[in-house]
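Good morning, colleagues. I would like to take a few minutes to introduce a structure that may be new to you, beginning with its ligand.

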Amino acid sequence: MKVVPCPSSPLLAKRIAEELGTTLTTVNYKKFPDGELYVRVDGKSDEYIVVGSINSSDDLAVLLLLSDVLEDVKLVVPYMGYARQDKVFIEGESVSIRALAKLLESWASEIITVNIHSKEAESHFRKLKNLDAMPLIGERYSNKDVVMVSPDRGSLERVKVAAEVSGCEYDYLEKTRIDATTVEIKPKEMDVEGKNVVIVDDIISTGGTVVEATKKLMQLGAKSVEAACVHAVLADFAAIKLFCAGIRDIIATDTVEGVFSKISVAGIIAKNLR
Ligand code: R5P
């Protein structure tokens, strides 16, 4: 068994290979001047574990190209992008995650992901294991004097899992999404005055949700606010927006690799591959 690293997940692939006591397959990736991608895999194995988050359309193209060269594949997609388009919101729309599910399941014998965005998104797969990284976020804050806050009701169940592991209090705000970049958060009484608050979410994408939540928490007298998430997508200078809004720190897992990836999901993924 060999682990095949995709350009989106080199470090996590290496960590998973180490956990499994195996090595990486050498893969050559190239981008042509017109933006087209090229893939060549060196060496043979009886089974492959492909590790690659889908955080861009190029990441998806990489998996498509690998599907032409590799058979007997277990696929690990730590961050499953395209999952927020999980139903038809306006007639005529493509259900993006359903299209992805069809493609990936026609290739891989098993698919593992971490905190896919919604139950609806998960329902489009037949062979998906959806792992939960919230206990790992909870461990990071165990014995710390914090209050965890979910920015919306939808994430409350997830936040409850993290809070129960850490042993801290938790609460939620009520968010309404206006469009892809704008959210509104209702005023609400919450006991956060003088407390260190951690906003916990599955994804931080544009940062709009966390910025609005931070404003509300600061108005309520929070001593400090930081953000913890599974997938730090951080599109469009989101990290700058968060720090300018007064966020103390950003804590994320390595499903989307970056400077804020301070928690690794390698252990839970390897456990589910053994
Ligand atoms: C929404 O349902 C998710 O849980 C996140 O709150 C959302 O994806 C965050 O997006 P953004 O950072 O763009 O506000």
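**The ligand and its surroundings**

In Asp-201, a polar side-chain atom lies 2.5 Å from an oxygen atom of the ligand. Please keep in mind that this is a predicted model. Taken alone, the ligand exposes 380 Å², and the protein buries 91% of that.

Two arginines also deserve attention. Arg-177 places a polar side-chain atom 3.1 Å from an oxygen atom of the ligand, and for Arg-84 the corresponding distance, again from a polar side-chain atom to a ligand oxygen, is 3.2 Å.

Where does the ligand sit? It occupies the largest pocket. There are 15 residues around the ligand, and those that come nearest are Asp-201, Asp-202, Ser-205, Thr-206 and Thr-209. By character, the shell comprises 2 nonpolar, 7 polar and 6 charged residues.

Which element gives the most to this shell? It is β12, with 4 residues. At least two shell residues come from each of β10 (175-177), β12 (196-204) and α7 (208-219).

I turn finally to Ser-9, which is found in the loop between β1 (2-5) and α1 (10-20). Is this residue buried or exposed? Ser-9 has 0% relative accessibility, and because buried means under 20%, Ser-9 counts as buried. A polar atom of the Ser-9 side chain lies 3.0 Å from the backbone nitrogen of Ser-53.

Key: Residues are numbered from 1 along each chain as its sequence is written. This is a predicted model: local features need pLDDT of at least 70, side-chain atom pairs count only at pLDDT 80 or more; totals for chains, interfaces and linings use all residues. Side-chain values use heavy atoms; hydrogens and water are left out. A residue is near a molecule or strand if one of its heavy atoms lies within 4 Å of it. A polar contact is a pair of N or O atoms within 3.5 Å; within protein, one must be able to donate a hydrogen and the other to accept it, and residues adjacent in sequence count only if both atoms are side-chain atoms. Accessible areas come from the Shrake-Rupley method with a 1.4 Å probe; for residues, only the protein chains shown count as cover. On a 1 Å grid over the protein atoms alone, a cavity is a set of points where a 1.4 Å probe fits but cannot get out, and a pocket is an open set with protein on both sides within 12 Å along at least five of seven lines; lining residues have an atom within 4 Å of a point. A molecule sits in a cavity or pocket if more than half of its atoms lie within 2 Å of its grid points. Ala, Val, Leu, Ile, Met, Phe, Trp, Tyr, Cys and Pro count as nonpolar, Asp, Glu, Lys and Arg as charged, and the others, Gly among them, as polar. Buried means under 20% relative accessible area, exposed over 50%, partly exposed in between (1.4 Å probe, protein chains only).
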